[in-house]
Amino acid sequence: DPIKMKLMGDKLTNVEERIPKNLNKLGVLQNVKSDEILKSIDSSLENYFKERKVSLANFNLLLHVLSVKRDYESAVIAFEKMSIFNIKPNVSSYANMIVVSGKSSKISEAEIYFNEATNLFGQNKVLYNSMIYAYSRVPDLVNAETTWNQAIRSKIVPDCAMLTSMVSVCLKTRDFKKAWEFFAKRKEFEIEPDDVLLGNMIRICSLDSSAEKAKIIFEDIKKLENVRLTCLHYNSLLKALSTRKDYSKEAITLYKNMISDHIKPDSNTFVALLMATSKIGDIAESFNAMTYMTKMKIKPNKYIFTLLFKTYAAALKTPQLDREIKDLYIEDSWNLLIKFLENQMEYISTPILNSLLQVYVSADKGREAENLVLPLYKQYNLALNQETHRTLIEYYFSKRELVRVKQIFETIKNIDGQLCVTTLNIMIETFMRTREIGKIEEVFEKFIELELHPGRFVLSQICAMKNIPDRIYDLLMKFDYLKQILSKNKRT
């Protein structure tokens, strides 16, 4: 059989009879994903059964096709039609309904199908797999874990599909600690991970900066039998490496190996690659990437432009960079903005302008930034956010323009979402330089209000004071790791 598909644990037979005849060629099928084949099937009831007999197997295939298409309404109609032909739904029928409900964010309906099916067929691994998968689509980690535990209490041994769904829901809810806990259960249940599960773990590595783990898992994928590395596998590792500055060069090398292995990149590949160049300011590699994108006819998106600006910003921080080079980078960045506005103006956003702002301040052109870049926010009705203000405060503090730093802080201190640890740390240092004790107290109160923690360098400066004012001392005592240090000193 040229293609093998699985329908919730049941192997379909005679698949070649159920797909369009023009796709029934081995050479074509090798390059077509199973989902794409299923989506190409005419799923209208009138046409679907013209060339097929009315049977349970064909109804299940129809439900599976509708699940892939995320067509919940049509799936419900098809499921109800089964009774008209005196066909009783089986486990696979209900499993498909649970999955299509989950994909359509109709989790209550999925639970109804699950409960009905368990009443009819008892505790079944296929049903539990489907229900946990449905929760992973919402995502709902609490109910997914509850269902997992219920399956184990019912003496159902989890398989790779069930574990993959649990890792997926952890990934979507960003509970990375829980994801690693579930991944560790593969040994307890003797689960052999596949490339999908391992790929999800690499994605988690990219989000919790675990580049080392990502490299190990990628090697595990390479060892799997019957798995051909694709762009998706490389993209996951690229992203994991590119989130770390110390692995940026390795990410670039991985991209080059990918190209030399004749694996076709996509736009996500270049986003990950430019994330790496933006960490180390590799202008040459980013230029090569843009050239290759043009060759591949991949249209740069807003993330590509944002990272290009950040690459220029990082390059401009290079020590002793010639003034002429700085001016050239500034000119290139401005031309990039013009190109973006000409082709994708509807996607102009605050992050894009923030990255352009970073280019100007990195080139020590703060005044030009205020005159050229800041007006663009108003022109395109974009709000200045936390990153915008942090960039400006960092720049003016580096120039010791403390009056300007304080002015910006006063305008944003009471606006939700505008303050971050970096900004508050700088304000502590600013008010220490201007000897404004009341303002230092105010900033520490903001740390406590926002449940943030002051930087150790800032705290060491405060603790080095000979006479810490009582109010500041009381505020510092609210940070756990300082209690022991300060309590050893006599209170003055």
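Just after helix α11, residue E190 takes a positive phi of about 55°, and this predicted model offers several other backbone features of that kind to follow. Most residues other than glycine have a negative phi, and most peptide bonds are trans. Just after α12, S209 likewise takes a positive phi, here of about 60°. Further along, K297 has a phi near 60°, a positive value in a residue other than glycine, and its place is in the loop between α17 (283-295) and α18. Q320, which is not a glycine either, has a positive phi of about 55° and lies in the loop between α18 and α19 (323-344). K297 counts as exposed because its relative accessible area, 79%, is over the 50% cut-off, and Q320 is exposed on that criterion too, with a relative accessibility of 81%. A further backbone feature is the peptide bond from V138 to P139, which is cis with omega near -5°; P139 is found in the loop between α8 (125-137) and α9.

The helix that precedes E190 can be examined in its own right. The 13 residues of α11 should span 18 Å at 1.5 Å a residue, and its end C-alpha atoms are 19 Å apart, so the modelled span agrees with the expected one. Within α11, the residues F176, K178, A179, W180, F182 and F183 are buried, and what covers these buried residues includes α9 (141-153), α10, α12 and α13.

One of those covering elements, α12, occupies residues 195-207 and also has 13 residues; from its first C-alpha to its last it reaches 18 Å, close to the 18 Å expected at 1.5 Å a residue. Its buried residues are L197, L198, G199, N200, M201, I202, I204, C205 and S206, and they pack against α10 (160-172), α11 (176-188), α13 (211-223) and α14 (231-242). At the N-terminal end of α12, D194 acts as a cap, with a side-chain oxygen 3.2 Å from the backbone nitrogen of V196.

The contact between α10 and the start of α12 can be followed through a single residue, T164, which lies in helix α10. Leaving out residues up to four places away in sequence, T164 touches D194, V196, L197 and N200, and two of these, D194 and V196, are the residues that form the cap described above. T164 counts as buried because its relative accessibility, 12%, falls under the 20% cut-off.

Two further buried residues show how other helices are placed against their surroundings. S248 is found in helix α15 (residues 248-260) and is buried, with a relative accessible area of 0%. Not counting residues up to four places away in sequence, S248 touches L241, A276, K279 and I280. T350, in turn, is found in helix α20 and is buried with a relative accessible area of 12%. Apart from its neighbours within four places in sequence, T350 is in contact with Y377, L382, A383, N385 and T388. The C-alpha atoms of T350 and S398, which are 48 residues apart along the chain, are separated by 23 Å.

Helix α20 also has a part in the second largest pocket, in which about 560 Å³ of space lies. Of the 19 residues that line this pocket, A313, K317, Q358, S362 and E394 are the closest to its centre. The elements that give two or more residues to the lining are α16 (267-280), α18 (302-315), α20 (350-362) and α22 (386-398), and the largest share, six residues, comes from α22. By class, the lining has five nonpolar, five polar and nine charged residues.

Stepping back to the whole protein, the model has 28 helices and two strands, and its C-alpha trace spans about 85 × 55 × 45 Å along the principal axes. Of the 492 residues, 48% count as buried. Among contacts between residues at least 6 apart in sequence, 63% join residues that are at least 24 apart.

Key: Residues are numbered from 1 along each chain as its sequence is written. This is a predicted model: local features need pLDDT of at least 70, side-chain atom pairs count only at pLDDT 80 or more; totals for chains, interfaces and linings use all residues. Side-chain values use heavy atoms; hydrogens and water are left out. Helices (H or I, at least four residues) and strands (E, at least two) are DSSP runs, numbered from the N terminus. The expected span of a helix is 1.5 Å times one less than its number of residues. Buried means under 20% relative accessible area, exposed over 50%, partly exposed in between (1.4 Å probe, protein chains only). Contact means heavy atoms within 4.5 Å. A polar contact is a pair of N or O atoms within 3.5 Å; within protein, one must be able to donate a hydrogen and the other to accept it, and residues adjacent in sequence count only if both atoms are side-chain atoms. On a 1 Å grid over the protein atoms alone, a cavity is a set of points where a 1.4 Å probe fits but cannot get out, and a pocket is an open set with protein on both sides within 12 Å along at least five of seven lines; lining residues have an atom within 4 Å of a point. Grid points are joined across faces, edges and corners, and a volume is the space filled by probe spheres set on the points. Ala, Val, Leu, Ile, Met, Phe, Trp, Tyr, Cys and Pro count as nonpolar, Asp, Glu, Lys and Arg as charged, and the others, Gly among them, as polar.
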